[in-house]
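The following exercises concern a two-chain model, and each is followed by a worked solution. Please examine the sequence and coordinates before attempting them.

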Amino acid sequence: MTSETAAGVPPINEQMIPERVLVDTGVMIRALESSHWTPDNQRGLDCREFWEVALSRRSRRLLVAAPSITELLLKPPGTDLPRHRQVEPVSFDFVAAQVLARYVPQAVIQSKKGSFTKDAIRYDALIVACAKRHNASAVVSLDNLLMRDLCEQFQIAFLTPADLRVTLPPTGTPMQGTLSGMG
Amino acid sequence: MSSSSSSSFGVSRSRAMCSSATRRTSASRTSPAGVCCRSQQRVTMSSPRHPDVERSTLGPIDRGRLPGVAADAEALILSFDGGDITPTTVDARRLLAASLAYLDALASVVQLIVPMHEAELVLTVEDIAPGSVKYKGRAALRRTDGTLHPVAIRSMSDTLDTWMRATSLAPRAVRPKVSQAVQAARQLPSWMNFNASVGGHEYEVSEAARSGEVPTIRSTESLRARVLRAGGIDPRVQFDAASEVRSFSLASTPELVIIAGRSLYGDVDIEATVLRSARAPFQIVGGTLTHIDPVDEQHDPVETWDRWYKVSGSPWAGVTDIEGELGRND
């Protein structure tokens, strides 16, 4: 692994990452930009570690929404994005538009206008609609209230890279409290 | 009823469809549905083939090999339910006609997608269950050397389901069979549901037949998909995609078929003009492949993206407030 986690912070648990998960723009940029992988920038370290651990399983697919690709390329131009089997660009298409209309009607977007900028609502809604339309099990984003709220609207799991720093009990260890009162 | 007329799913031996058959019979019995059948009966039905091909490459099905094929094949169940259906109140001929028309159509889709010299569709009956109108069997694409062809019958059933919902989109070679399947399913009483289960996937055949011509929407799309099949006299490429509810087949040019063939069972990025059902779940019912790009399956994805980011000049270097730069701060 390129980055180092702070002492006492459990590593990202690979088993906690869904097989098909959409990565939000902020996570993707931090995963690629090495200046964020410093000991005083835990979010940057989280994103990089998530990216490496998630891609360590060949069957896993990380989805990147078309609006995120636009955001990623907002800065001065790069070359064409790599086409790799495990990183799947997903489009905002006719079906995604139908999904967006179904799960987040205009009334919901209007109700959030006071709290968030219109652009933020639009971009985040487009990204979560892409996740839903392309059958992602979860959206991995940073602790963003609007994104969390939208994921709830779309009935799709919301995760931050830090949420995945979980130590599971060893296999076969009974979960606390589950056996009481049985038999 | 003679053993000949009790062939699987009511197939007549005089039909071209039923080119070879193997039976293992014991005591005859009459099912409650009035269908004479034989327990432990095994009957095979192959897809239509050219007579010359049949003689030169496809011999009669070997009795000894059939159980092995059946064991590895995809489960196939045709069932009818709904309303107050009981085995004594239904006309077995209608059910068999609908079943046969469905299987005929499936066989014609198989022949369209898998060249006839590569494999034949083999259907066996394992059981005609008493007490219900349910035909259980197996379906497989078996090569001439006896091994199974990797293309799943289920994916063919996906295509048939699509075309039963929009027969005008079916290629001309299979449209008559698909239309017959639709008509036969429509002849069933309106309260009856005709369902097929192929390889564990459920298909609402009567619902598909009654849905009429589904309105479609044409759109140009890009999609990550896996190549299942590429080729045919009318060049087509069959894909599945995690984003789609069913596998789908697109018309193509020979050049794109060749590119797709190099990525068989691998992922590709495609651009296509697709026709989607205008009703949820908006499945792809047809379309034309316009572009295809292979994707990297060999290199480490982290290194690949790191290299791209560096070559691109690390565009986000020095930006500390990323969300602010994106205009996405809460």
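## Exercise 1: Charged pairs across the interface

Determine how many salt bridges the rule finds across the interface of chain B and chain A.

Solution. Step 1: a salt bridge requires a side-chain nitrogen of Lys or Arg within 4 Å of a carboxyl oxygen of Asp or Glu. Step 2: by this rule, eight salt bridges cross the interface of chain B and chain A. Step 3: one pair to inspect is A:R48 with B:D306, whose side chains meet in a salt bridge at 2.8 Å, N to O.

The model is predicted, so local features need pLDDT of at least 70 and side-chain atom pairs count only at pLDDT 80 or more, while totals for chains, interfaces and linings use all residues. Residues are numbered from 1 along each chain as its sequence is written, chains are lettered from A and ligands numbered from 1 in the order in which they are written, and side-chain values use heavy atoms, with hydrogens and water left out.

## Exercise 2: Extent and composition of the interface

Describe the interface of chain B and chain A by contacts, buried area and residue class.

Solution. Step 1: taking contact as heavy atoms within 4.5 Å, 43 residues of chain B touch 58 residues of chain A. Step 2: the area buried between the two chains is about 4200 Å², and carbon and sulfur atoms give 56% of it. Buried area here is the accessible area (1.4 Å probe) that two parts lose on being put together, summed over both. Step 3: B:W305, B:W308 and B:R328 supply 20% of the area that chain B buries against chain A, more than any other three residues.

Step 4: 22 residue pairs, both at pLDDT 80 or more, are in polar contact across the interface of chain B and chain A. A polar contact is a pair of N or O atoms within 3.5 Å; within protein, one must be able to donate a hydrogen and the other to accept it, and residues adjacent in sequence count only if both atoms are side-chain atoms. Step 5: helix 8 of chain B gives the largest share of the side of chain B that touches chain A, namely eight residues. Step 6: by class, that side of chain B has 18 nonpolar, ten polar and 15 charged residues. Ala, Val, Leu, Ile, Met, Phe, Trp, Tyr, Cys and Pro count as nonpolar, Asp, Glu, Lys and Arg as charged, and the others, Gly among them, as polar.

## Exercise 3: Two helix pairs

Classify the packing of helix 2 of chain A on helix 8 of chain B, and that of helix 4 on helix 5 of chain B.

Solution. Step 1: helices (H or I, at least four residues) and strands (E, at least two) are DSSP runs, numbered from the N terminus. Axes are lines fitted to C-alpha atoms, for helices over the stretch in contact, and angles run from 0 to 180 degrees between N-to-C directions. Angles under 35 degrees count as roughly parallel, over 145 as roughly antiparallel, 65 to 115 as roughly perpendicular and the rest as oblique.

Step 2: helix 2 (residues 42-54) of chain A and helix 8 (residues 301-311) of chain B pack at about 130 degrees, with their axes 9 Å apart. Helix 2 of chain A is therefore oblique to helix 8 of chain B. A:R48, A:W51 and A:E52 meet B:V302, B:W305 and B:D306 there.

Step 3: helix 4 (residues 153-165) and helix 5 (residues 175-186) of chain B pack at about 70 degrees, with their axes 9 Å apart. Helix 4 of chain B is therefore roughly perpendicular to helix 5 of chain B. The contact residues divide into six nonpolar, no polar and no charged.
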